[in-house]
Amino acid sequence: MRLQDFDNDEEKVIQDKFKRKTWNEIRTNDSWAIFKIMSEFVNGYENMARIGPCVSIFGSARIKPEDKYYLLAEKIAYKISKAGYGVITGGGPGIMEASNKGAHLGGGISVGLNIELPFEQHFNPYIDHDKNLNFDYFFVRKVMFVKYSQGFVVMPGGFGTLDEMFEALTLIQTKKIGKFPIILVGSAFWSGLIEWIKTVLVEQEKTINAVDLELFKIVDTEDEVVEVLDKFYKKYDLTPNF
């Protein structure tokens with residue numbers, strides 16, 4: 001797809017939103033959307049229910065194979081798989097591809113939760129063939145990330161990565177899910193955001209508590225990632241094979 005094609009499609013979507021529809025058209029479209037949403041949940045649950053303990057790795061689709069973060073993500077996923085955890089990614093290129101590749105090379109479970117996006121999203125070749133799921137709805141896909149992960153590794157990324165990170169943080173902060181490890185990789189990348197959170201959200205506006213900063217760890221190496229995961233689970237006398 002060319003950029004101008006995307007712009008034209010976007011214009012059509014906006015125009016369609018303002019188009020007057022009858023009540024019957026609205027009701028019919030919404031009713032069928034419910035069945036589509038239900039089918040994605042059912043398919044996701046059935047395919048993910050038996051995968052065992054996994055760690056979700058989030059990160060940019062735009063990072064190239066020669067990038068240091070691509071290579072680091074591959075090493076992290078390899079170490080995670082060797083430690084006994086499966087790896088869940090968004091199924092696309094970039095950090096996702098590197099993570100699935102590392103899990104594949106490590107002989108671990110390699111899951112891809114794919115969603116079609118203009119320009120950047122297509123499934124990568126390192127996903128287990130029976131664990132390559134496709135979604136139309138972002139919110140269904142995010143449920144699968146959270147429901148079947150026992151930890152979250154967040155590599156450098158854009159809006160999508162930040163969305164997934166803050167979704168996990170919010171669910172843990174509000175005690176909607178357990179306090180699983182959230183590990184931010186790359187102190188140079190994350191330092192500006194974390195400083196803003198401390199100075200503006202905690203100190204200036206008081207929109208979160210200082211204790212909320214303990215919901216995540218910042219690391220720089222693959223060994224530190226595994227160390228955080230193992231330390232967390234040893235606290236509960238659990239192993240990746242629980």
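**Figure 1. Phe-139 and its ring partner in the predicted model.** Phe-139 counts as partly exposed in this predicted model, since its relative accessibility is 42%, a value that lies between the 20% and 50% cut-offs. Its neighbour in this view, Tyr-137, also counts as partly exposed, at 22% relative accessibility. The rings of Tyr-137 and Phe-139 form an aromatic pair, with 5.5 Å from centre to centre and 50° between the planes. That geometry makes the pair tilted.

**Figure 2. An edge-to-face pair between Phe-58 and Phe-145.** Nine aromatic pairs are found in the structure, and this close-up shows one of them. The ring centres of Phe-58 and Phe-145 are 5.1 Å apart and the planes stand at 85°, so the pair is edge-to-face. Here the pair links distant parts of the chain: Phe-58 belongs to strand 1 (residues 54–58), Phe-145 to helix 5 (residues 138–147), and the two are 87 residues apart. Both Phe-58 and Phe-145 are buried.

**Figure 3. A cluster of rings.** Take a look at Phe-41, Tyr-45 and Tyr-148, which ring pairs link into a cluster.

**Figure 4. Thr-89 and its surroundings.** Thr-89 sits in strand 2, which covers residues 86–89. Is this residue buried or exposed? Thr-89 has a relative accessible area of 0%, so it is buried. Its side chain makes a polar contact of 2.6 Å with the side chain of Asn-100. Leaving aside residues up to four places away in sequence, Thr-89 touches Ile-57, Met-96, Ser-99, Asn-100, Val-111, Gly-112, Leu-113 and Phe-145. Readers coming from Figure 2 will recognise Phe-145, the ring partner of Phe-58, among these contacts of Thr-89.

**Figure 5. Helix 3 crossing helix 8.** Helix 3 (residues 68–82) and helix 8 (residues 222–235) have axes that come within 8 Å and cross at roughly 35°. The crossing of helix 3 and helix 8 is right-handed. Which residues of the two helices meet here? From helix 3 come Leu-72, Lys-75, Ile-76, Lys-79 and Ile-80, and they meet Glu-222, Asp-223, Val-225, Val-226 and Leu-229 of helix 8. Sorted by class, the contact has six nonpolar and four charged residues, with no polar ones.

**Figure 6. Two lysines with positive phi.** This view pairs two loop residues that are worth a friendly second glance. Lys-175 is not a glycine, yet its phi is positive, at about 60°. Lys-175 is placed in the loop between helix 6 (159–173) and strand 6 (182–185). With 73% relative accessibility, Lys-175 counts as exposed. Lys-206 likewise has a positive phi, near 55°, in a residue other than glycine. The loop that holds Lys-206 runs between helix 7 (187–204) and strand 7 (217–219). Lys-206 has a relative accessible area of 61% and is therefore exposed.

**Figure 7. The setting of the close-ups.** To place the views above, step back to the whole protein. The protein has eight helices and seven strands. Its chain holds 242 residues, of which 42% count as buried. Among contacts with a separation of 6 or more, 72% are between residues 24 or more positions apart.

Notes. Residues numbered from 1 in each chain as written. Predicted model: local features only at pLDDT ≥ 70, side-chain atom pairs only at ≥ 80, totals over all residues. Heavy atoms only, no water. Helix = DSSP H or I, 4+ residues; strand = E, 2+ residues; numbered from the N terminus. Buried < 20%, exposed > 50% of the residue type's maximum accessible area, 1.4 Å probe, protein only. Polar contact = N/O pair within 3.5 Å; in protein donor to acceptor, adjacent residues only side chain to side chain. Contact = heavy atoms within 4.5 Å. Axes fitted to C-alpha atoms, helices over the stretch in contact; angles between N-to-C directions. Left-handed = near helix turned anticlockwise from the far one by under 90°. Nonpolar A, V, L, I, M, F, W, Y, C, P; charged D, E, K, R; others polar. Phe/Tyr/Trp six-rings, centres within 6.5 Å; stacked < 30°, edge-to-face > 60°.
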